Amino acid sequence: MASSFEAAWQHVLLPWFETAAPRAFEQRAPVAVVTPFRSQAYLLRSKLLARGISLLGIKFLSAAQLRERLLRGCGLDIPLREHLRLLLAIAAEQLVGEDPESLVAKSVARDPDHFLRVIDQLHAAGWDFDEIAEPALREIAGRFAKIARDCGFTFVHEADRLAATSAEQLRPRFAHLLVVGFNGADWPLWPLLHAAVKSPAQATVVLNDPRDEARDLDETWVGTWEEAFGAVEPIGEAEAKSLSGNLTALNSQLSRTGSLLETELERIARAQDPIDSVYFLVGRDATEQARAIVALTAKFLCEDNCERIGILFPQKGALPRLVARFLDSAQIAHNDGIAHSSPSVFDDEAWRAWLELQQNPRLKFLFRFLRAVDAKIFEKVSIFEVEEKLRRAYADVLIDNIDILREACARSENKAAIASGLEKVQFLPAMATCSEFLEQTKKIFAQFGWKQHWSEVERLSRGWAERVPKRFSKAGYLRWLREILGASSLGRDEYGAHPYSRVHLLPYSEAEGQSWSHLIFAGLNEEAWPALDEEFIGDQEIDQFNQRNKILNRRAIKRSRHGEGQWSIAEGKTFLLGSAERRQIRRRQLRNLMESPTAGIGVTANLYSESAPSRIANPTELFSRLHFAARGRGVSQRTLQALEEQTRAWLNDWSPFDAQKTDSISVGRTRYAYDIRRQLRAFGEYEFALRTPPERPVTLRVTDWEAALKRPAIVWMKVFLGVDPADENSDAWATATGQWVHRWLADSVRSANGDAFVELHEVDEIRGRLVENARQFQNQVRALCTACAQSLPDWWTSGWSNALYVANCLAAKLSGLEGDWTHMAPEFALESPMNISVSANESLRVSGRIDLILARGERNQSRIGFPELWIIDYKTGRQRAFSLHELRQRETPQEKFRKLLGKGRGVQLGLYALAAHALGASNVQLALLGLADELEPQFHLADALAHHDFWQELHRMQESGAFGMTGPIHAEYGFAHEYPLATLAIDEDLLQEKWAITYPALAIAAEENL
């Protein structure tokens, strides 16, 4: 039993290697060294290589590798964690089927991993499921164990205990065995280590001397080893290590900090003479903290006494990833013991899209899958045509279920090819046995050519899947597929895979028990540390559960044969580590780490919280304790701010990229674009504008022109890039309601002979036809749902009723017009393109459909057929009509209309009026009709013709392809459009000024909304 790694190295480890290494390759059984973490094995290897000791024939094993060797050839089938999560979810679903009100069972079925960890803890401690207090959890655990046994699985801790009981009967697995680095935190591994030490002819176990922070755990750990293998031999102290600077004073202060032994004068003296071997660095955020860590690492590496630097992190996250990237950029060789997750070879966009589609067979996920998959599902039909027709089908029925849309396409002549393609998109059943799921998966994977996917699934399901007797949900099966095929691997940067380097990135829990010249305690903010209480029950239940741990531990402990006061664990049992025990272990680990460095210490934290950047993040107790011990002062917010300023001044312009050449051209272009977007000048190619005029003529819909005055960037991306960010974020109900209402009204008055204009009927007759059309549409959608074995959703019926009410209101507003107006044309389609002349040789090209045109007078030979028209654009949403009563004194209708145009309102009506004028109409009235508005003329053709310069500016936008950007980027309420990331930070006031410079005729002074 050693008090430190140095003592163990001098008195046990080095002599053991000097004796075992020369003859290791001659042994018939392997010579092995077992350590809890790879970093400890790397430390031993590096020290041995430095002394010229050969490692030929010596195996360095982790716990998992040790288990694999001990259980080799025993015939036990230890399942993957992914399999256990699936079986546990199946057990929970069974209970949900019997008791639908069991919230606990539903929670476990939705996320079984948490409860699986609880079961593992109980198994590791040697207790059965009867120790679980909650009846529902106890029932789930019992069913889970039965299903696992039916599948032929053996739990890992059961296998460890079987190995321990049979170790003496089997031939020795090792010639010599060295076990080092394990302590009271490794109680779940006790049966495995017990089996390993019983196996070889000679075994050496190095134990640590218990500390006060976790004395009960560690003393019982030592006592259990003594009970099994004999008394422990104490090891003498190591040769006194030389501490540079005044780290000796730091260790002394750490032991006295907060005690009554320290006088006020001593504290003042310590504040006046701070310990200079401890560096406190605070960054504003994770990036700045990472820069400070790498800079401090570079400083430590330049010191003569630098032997081994440890950079410690609470857990995986952005900070260790940034530090690794910066070290790689600075070309500093290091061992990234945390590493970063690299996606599986199967985890591509098509695979993720398929999983989403299977989980949610909706239109949005179908589009994602079709864009990602390589298989030709729709044969000769392009993906763009498929999306367009499916969107139209969805807009017709407003149900995005794939089965219902497939049925709707099958009943449409022009969508037969789409329906045929959708038939090829197969789905897993909602409930099935594991074998049935696998059979259907094999068919689907074969269709897409995913041979490797299926080979891996078949390999991992072989031998046990057919033994799962019960049916379970598709959600559980998809989660299992996602886990086994999407399991990530650990990746490291080019300079991060050097296990024998001087710099090591490690979690705090893995750094204990090693030798360090320098340590950097990183991420010392409270929010950065993982919580120890991970139970999914309330605080009171957690306290009771912790008390239950203590009862279990006390019940398992018995007196050792080696004297009074020595404790050990009863055979077949281990400590059950609860949150209280884990806290003790963490305190012991941190205390050992604070005393281990010999040359220097770095302490780093963030100034601001990652979750709430405007709030100062609280430092951990370790940060405060080290600061008080080294500086003699406590830590306040002002202290943190001062440390951040000092860190920023110390770093100055230093960058981890200084040692690495960067792509100056790429960086220069990015910087140039950044600057151009923020210069007060006309919009250019970096601001939603083409560098040269478009090669093909551009035709915009009338509604797009109105939107281009409000959100020009969105329209530009839609027209020139084919990207419509409004597809997934728009209000589908509002769009569908408008389309239904327009179609029902049009069908109610449309002529049977195909003439655009029909005689104006009585309003009651129109409303009767409208209701008939609406009910016929409802019956059609209900028939689609019935054909797909689904019921018509209640929410759909509610939306349909609202649309019928809106259509009725708009139809009623035509009452009394039949005596004044003789003809009407609903849904009047403009020519495509419709050329509107804005000058002698310039035309604005538009397309669109006018909601309603009223006509009177004698028919003529013009293309529209009537000289006098009333164009009505009715809105089914909240938009109101233009208010003529708000005209200011001495403000003409033309001036009022111009301000509406500048705000993006009235553009649609104005273009309709100009189009009607181009078709031969001479007198045109305009009206925007809302649900709460009275039908009356609001503007006239002359008001639109008066703004020649405005329409010319639209023509310039059309011909140049330069739209620019203006309007609000962010929406506090409602739906927000998605803009490219590089454009989000530009000030809106600057955008308005640039808009005025680029298109003066389109800009208006800021006034109140109309």
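In which sense do strands E17 and E21 pair, and over how many bridges? In this predicted model, E17 and E21 (residues 843-847) run parallel to one another where they pair, over 2 bridges. This briefing treats the sheet that holds these strands, then helix H7 with its residue Arg-143, and finally two nonpolar cores.

**The sheet**

- E17, E21 and E20 form an open sheet of 3 strands, in the order E17-E21-E20, and the pairing within the sheet is mixed.
- The edges are taken by E17 (700-701) and E20 (834-837); each has a single partner strand, so one side of each lacks a neighbour in the sheet.
- Arg-701 has Ser-847, in E21, as its bridge partner.
- As a general matter, strands of a sheet pair through backbone hydrogen bonds, in either a parallel or an antiparallel arrangement.

**Helix H7**

- H7 covers residues 135-150, which makes 16 residues.
- From first C-alpha to last, H7 reaches 23 Å, close to the 22 Å expected at 1.5 Å a residue.
- The buried residues of H7 are Ala-136, Leu-137, Ile-140, Ala-141, Arg-143, Phe-144, Ala-145, Ile-147 and Ala-148.
- Among the elements that cover these buried residues are helix H4 (81-98), helix H5 (103-110) and helix H6 (113-125).
- In an α-helix there are 3.6 residues a turn, so residues three or four places apart point the same way.
- After H7 comes Gly-152, which has a positive phi, near 80°.

**Arg-143**

- Arg-143 belongs to helix H7.
- Arg-143 counts as buried because its relative accessibility is 17%, and the cut-off for buried is under 20%.
- The side chain of Arg-143 makes a polar contact of 2.6 Å with the side chain of Glu-98.
- When neighbours within four places in sequence are set aside, the residues in contact with Arg-143 are Ala-91, Gln-94, Leu-95 and Glu-98.

**Nonpolar cores**

- The largest nonpolar core comprises 121 residues, and Leu-87, Trp-354, Phe-369 and Trp-744 have the most contacts inside it.
- To this core H4 gives the most, with 9 residues.
- Another core, of 65 residues, lies apart from the largest one and includes Ala-708, Phe-897, Ala-916 and Leu-928.
- Beyond its neighbours within four places in sequence, Trp-354 is in contact with Phe-369, Leu-428, Ile-444, Phe-445, Phe-448, Trp-450, Leu-478 and Leu-481.

How values were computed: Residues are numbered from 1 along each chain as its sequence is written. This is a predicted model: local features need pLDDT of at least 70, side-chain atom pairs count only at pLDDT 80 or more; totals for chains, interfaces and linings use all residues. Side-chain values use heavy atoms; hydrogens and water are left out. Helices (H or I, at least four residues) and strands (E, at least two) are DSSP runs, numbered from the N terminus. The expected span of a helix is 1.5 Å times one less than its number of residues. Buried means under 20% relative accessible area, exposed over 50%, partly exposed in between (1.4 Å probe, protein chains only). Contact means heavy atoms within 4.5 Å. Two strands pair if DSSP finds at least two bridges between them. A polar contact is a pair of N or O atoms within 3.5 Å; within protein, one must be able to donate a hydrogen and the other to accept it, and residues adjacent in sequence count only if both atoms are side-chain atoms. A nonpolar core is a set of buried Ala, Val, Leu, Ile, Met, Phe, Trp, Tyr and Cys residues joined through side-chain atoms within 4.5 Å.
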